[in-house]
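User: Please take a close look at one part of this structure, the part you would choose for following how the chain is put together. I would like a single connected account that begins with that part and then works outward.

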Amino acid sequence: MSPKVLIAGIGNVFLGDDGFGVETVRALSAHPLPDGVEVVDFGVRGIHLAYQLLDGYDTLVLVDATARGGAPGTLYLIETEAGAADGAGTRAAGPGEGPVLDGHHMSPDTVLALLGALCAGTGATPPRRTLVLGCEPACVEEGIGLSPPVAAAVPEAVRMALDLLDRPAPDEAGEPRRELRRTP
């Protein structure tokens with residue numbers, strides 16, 4: 001059985017470069033993908049993403065605008081800390097608060113924290129591996145359309161996502177998992 005992989009585009013297309021994830025998964029969906037790989041535009045529907053993850057995915061790739069201080073259009077591939085989906089290593093919403101359930105303002109950290117709570121309540125298993133494919137935004141103010149450097153990064157982000165599917169993921173013992181190889 002092939003491992004299940006979810007590539008989730010997140011972001012708000014009405015806030016300029018925040019639409020990077022949505023635009024990237026749109027472009028990615030035009031490519032043939034291996035069995036077991038789903039590419040979904042979640043936009044600002046973080047709660048829907050958390051519930052979709054209850055279907056049991058081995059790997060989650062979040063595609064999003066990611067401000068880390070680089071030049072606009074810089075791409076990042078970030079592997080989250082082990083256990084992030086069970087709440088460890090995620091940022092809390094505030095002192096004494098659980099995940100914020102505002103479906104239009106859920107950060108990836110909040111989605112993963114919510115997923116941890118949902119898994120604990122349902123017995124579901126969170127993804128074993130979570131990656132963020134991010135792009136440094138130039139502008140996230142009101143407006144439709146990506147800035148030139150972020151738009152230029154979309155094809156490279158698609159290539160990076162396809163490369164992730166070609167590259168075996170390590171299993172728990174550190175050995176490559178051959179199941180993630182692309183089939184002809």
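Analyst: Two strands are taken as paired if DSSP finds at least two bridges between them, and strands themselves are DSSP runs of E with at least two residues, numbered from the N terminus. With that in hand, the part I would choose in this predicted model is strand β1, which spans residues 5–10.

The setting comes first. The protein has 4 helices and 7 strands, and its elements follow one another from the N terminus in the order β-α-β-α-β-β-α-β-α-β-β. Of its 184 residues, 43% are buried, while the accessible surface amounts to about 9,200 Å², with 55% of it belonging to carbon and sulfur atoms. Among contacts between residues at least 6 apart in sequence, 74% join residues that are at least 24 apart.

Strand β1 is mostly covered, since 6 of its 6 residues are buried. Its residues point in two directions, with V5, I7 and G9 on one side and L6, A8 and I10 on the other, and all of them are buried. Two strands pair with β1 as follows. With β2 (residues 37–43) the pairing is parallel and extends over 6 bridges, and within it A8 has V40 of β2 as its bridge partner. With β3, which also runs parallel to β1, there are 5 bridges, and there L6 stands opposite L60. The connection from β1 to β2 involves helix α1 (residues 20–28), and these three elements form a right-handed β-α-β unit.

From the strand one can pass to the packing around it. The largest nonpolar core has 23 residues, and the members that touch the most others are I7, F20, V61, V63, L75 and L133. At least two residues of this core are supplied by each of β1, α1, β3 (59–65), β5 (129–135) and α4 (148–166), with α4 giving the largest share, 10 residues. Apart from this core lies another, of 10 residues, which includes L6, L49, Y57 and V132. Thus I7 is a member of the largest core, whereas L6 belongs to the other one, and these two residues of β1 point opposite ways. As a general matter, nonpolar side chains in soluble globular proteins tend to be buried together.

V63 shows how the pieces meet. Setting aside residues up to four places away in sequence, V63 touches I7, A8, G9 and I10, and also F20, G21, T24, V25 and L133. One of these, T24, is placed in helix α1 and counts as buried because its relative accessibility is 2%, under the 20% limit for a buried residue. Beyond its neighbours within four places in sequence, T24 is in contact with V63, V154, A157 and V158.

Helix α4 can be followed further through M160, which is located in it. M160 counts as buried because its relative accessibility is 17%. Leaving out neighbours within four places in sequence, its contacts are L75, L77 and L133, and L75 and L133 are among the residues that touch the most other members of the largest core. The C-alpha atoms of M160 and Y76 are 9.8 Å apart, although 84 residues separate the two in sequence.

To return to the chosen part, β1 is a strand with 6 of its 6 residues buried, joined in parallel to β2 by 6 bridges and to β3 by 5.

Notes:
Residues numbered from 1 in each chain as written. Predicted model: local features only at pLDDT ≥ 70, side-chain atom pairs only at ≥ 80, totals over all residues. Heavy atoms only, no water. Right-handed = clockwise from strand over helix to strand, strands pointing away. Core = buried A, V, L, I, M, F, W, Y, C linked by side-chain atoms within 4.5 Å. Buried < 20%, exposed > 50% of the residue type's maximum accessible area, 1.4 Å probe, protein only. Contact = heavy atoms within 4.5 Å. Areas by Shrake-Rupley, 256 points an atom, 1.4 Å probe, with all protein chains shown as cover.
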